[in-house]
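Student: I'd like a close look at one part of this structure. Could you walk me through it step by step?

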Amino acid sequence: AGGGRCALSRRSGAERGWAMGSMGSPRSTAPGQQLRALFYALPPGESSFRTVEEVPDYVEKSIPFFLTFIGLEFAVSWIQKRKLPGRINDGIGSLSLGILSRLPDVLFRSIDLISYIYVWNNYRLFELPWDSPWTWYLTLLGVDFAYYCFHRISHEVNILWAAHQVHHSSEDYNLFTALRQSVLQKYTSWMFNLPMALFIPPSVFAVHLQFNLLYQFWIHTEVITKLGPLEWILNTPSHHRVHHGRNPYCIDKNYGGTLIIWDRIFGTFEAEDAKVVYGLTHPVNSFDPIMLQLRPLAHIWNTFWATPGFCNKLSVIFKGPGWGPGKPRLGLPEEIPVITGKEVPFDPHVPAYLNCYALVHFAVIVDLYTELLASVTMLSQGIVLLRIGFIILSLASFGLLMENKSKAGILEFMRCLVFIGVCKLGYFRSQFSFLGCAYEVLFFLCAALWGIQFMR
C-alpha cells in the first residue's frame, strides 16, 4: 500500500523517531524501569545517555501502563464510591483530542527537540557533563521551572489560553483527562526551554522533557486523596485537582508540573478546600474535538474586530481571557461564576447502542492510528495524508454522535463508505492482519444501517 517513501520521512532511524514524537532509540527499558519513569523515579545512573539517539522513548513505552492505570482507576473508584470515574462520551472526547494533538508529529519532527538541538549546536556557551548527577538534577529543576513559566503564561495570555483551554475543557477529572491535549500548544511551549540549550546537553534534556510529561499523567485522578509531607514539594492529585477546578478559589492556581515549590515561591499555590467542580468557567458543551480546538480562536477573532481601539485590540490577544476594556489585565475576580454545587455536566442522552457503536469504531481508529505510526516511513505522502484525513473525519463524527446530533448519521454513512472504498484500494491496514476482513464487514453493515436510517 503506497510504494515510494514519503519526502517528509527521508531521515535516519533516529530522525524518523522525532517525526513520530519519539526518541527513536535502540535502547530498551525493563518494565520496572518504565514504571518508575512514569513517577520520575529513575535515578541519574539509569537515565543518563551520551547522545539523543540513545534516549529511550519512555512516553511510547508507557502506553501499556497508561491503560493499566486507567483500568485500575475504574476498579478503585467503583470500590470506593460505587461509581465509575468518568463517562463514555467525555472519555472518547479526551482520547480523540489526544490522538488529534499527536497527528502533526506523524508528518513533522518535534519542534521542542529540533529547536533545542539547533541552539545547542550553534549558540551554547559551555557544556555540562552528560553523565554527572548534578547535571541531571539541574535539568530536572530547569525543565520543571520552564514548564511552570509556560503554564502560567498560558493561563494569563488570551491567545495562549485559546490553545491550553482544551486540556481544561473536560467536566470530569480522571486519567483520560491527562490525555486531552491541544494541537497548537506545542508550537509556543518550545521557546521556554531554549535557555537550557546554552549549557545542558540535548540527551539530558530529552530525558527530562519526557519524565516531566509522564509524571503529570497519574496526578489526574480523584481516587488518591492526600500524600502527607510530599504535598509540600511535589505536585500531587490534590494540588492538580485545584488547578482543574472552576471554583473561584481554584482559578489560576497550582501551575507546577512535577514540583509544587514554584507555586509556593511565586504565590500561585492554593490547597484543596471546598469540593472542586471541574471544567471551564464557561463550559463549551461539546465533544467535537475540532470545535474544541478551534472555537476559542474564532472567539478571539470576533472579539478582536468588535473591540474599538488599536491598543484594546492588542489587549484582546495578549491580556488575560477575562480582560475587557476598563478591566485589570486578568479580568475581575467577581465576574467568575459562583459555584452552587448543583452544576450538571454536559451529558446529552445517547441510546446505549450508540455508545457501544462509538466504542467499537473508536477502537478501530486507535488500531489504524497505531499502525500509521508504525509504518509512516514506508508510506507515500499522499497515503499518509489520506489516513490522517480519515482519522480526523472519524474523530469529528464520534463527537457529533456523542452529542446525538442529527447530521451525525449522514456523516457516519459517508465515513463508512469512504473506509470501504479506500480499504478495497489497499490504503488502510490493521496492525492485525486477521481483522482486515472483519473491518470491511463491519463498515459495510454500518453503512447499510445508516443508509436505511437516512432514507427513513
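Student: How many salt bridges does the rule find across the interface of domain 1 and domain 2?

Tutor: Happy to take you there! Please keep in mind that this is a predicted model. The mean pLDDT of the chain is 90, with 94% of the residues reaching 70 or more.

Let's begin with the parts themselves. The domain assignment divides the chain into domain 1 (32-266), domain 2 (289-331) and domain 3 (352-455). Taken over C-alpha atoms, the centres of domain 1 and domain 2 are 27 Å apart. Where these two touch, domain 1 brings 18 residues to the contact and domain 2 brings 15 residues.

Now for the area. The size of an interface is often given as the accessible area lost when the parts come together. Between domain 1 and domain 2, about 1,400 Å² is buried, and carbon and sulfur atoms give 65% of that area. On the domain 1 side, Glu-156, Asn-158 and Ile-159 supply 38% of the area buried against domain 2, more than any other three residues.

That brings us to your question: the rule finds 1 salt bridge across this interface. Glu-156 forms a salt bridge with Arg-329, and their closest N and O atoms are 3.4 Å apart. The numbering places Glu-156 within domain 1 and Arg-329 within domain 2. You have already met Glu-156, as one of the three residues that supply 38% of the area domain 1 buries here. Besides the salt bridge count, the rule finds 9 residue pairs in polar contact across the interface.

Which helices build the domain 1 side? α5 (88-107), α7 (133-156) and α8 (158-168) each supply at least two residues to it. Of the elements on this side, α8 gives the most, with 6 residues. Sorted by class, the side of domain 1 that touches domain 2 has 9 nonpolar, 7 polar and 2 charged residues.

For a wider view, the structure as a whole holds 18 salt bridges. Another of them joins Asp-90 and Arg-180, with the closest N and O atoms 3.4 Å apart. This pair links distant parts of the chain: Asp-90 lies in helix α5, while Arg-180 sits in the loop between α9 (175-178) and α10 (186-189), 90 residues away.

One word of care as you explore: pLDDT stays under 50 over residues 1-26, although the model has 73 contacts beyond four places in sequence for them. Where pLDDT is low, the predicted coordinates should not be read in detail.

Definitions and conventions:
Residues are numbered from 1 along each chain as its sequence is written. This is a predicted model: local features need pLDDT of at least 70, side-chain atom pairs count only at pLDDT 80 or more; totals for chains, interfaces and linings use all residues. Side-chain values use heavy atoms; hydrogens and water are left out. Domain bounds come from an automatic or database domain assignment. Contact means heavy atoms within 4.5 Å. Buried area is the accessible area (1.4 Å probe) that two parts lose on being put together, summed over both. A salt bridge is a side-chain nitrogen of Lys or Arg within 4 Å of a carboxyl oxygen of Asp or Glu. A polar contact is a pair of N or O atoms within 3.5 Å; within protein, one must be able to donate a hydrogen and the other to accept it, and residues adjacent in sequence count only if both atoms are side-chain atoms. Helices (H or I, at least four residues) and strands (E, at least two) are DSSP runs, numbered from the N terminus. Ala, Val, Leu, Ile, Met, Phe, Trp, Tyr, Cys and Pro count as nonpolar, Asp, Glu, Lys and Arg as charged, and the others, Gly among them, as polar. pLDDT is the predictor's confidence in each residue, from 0 to 100.
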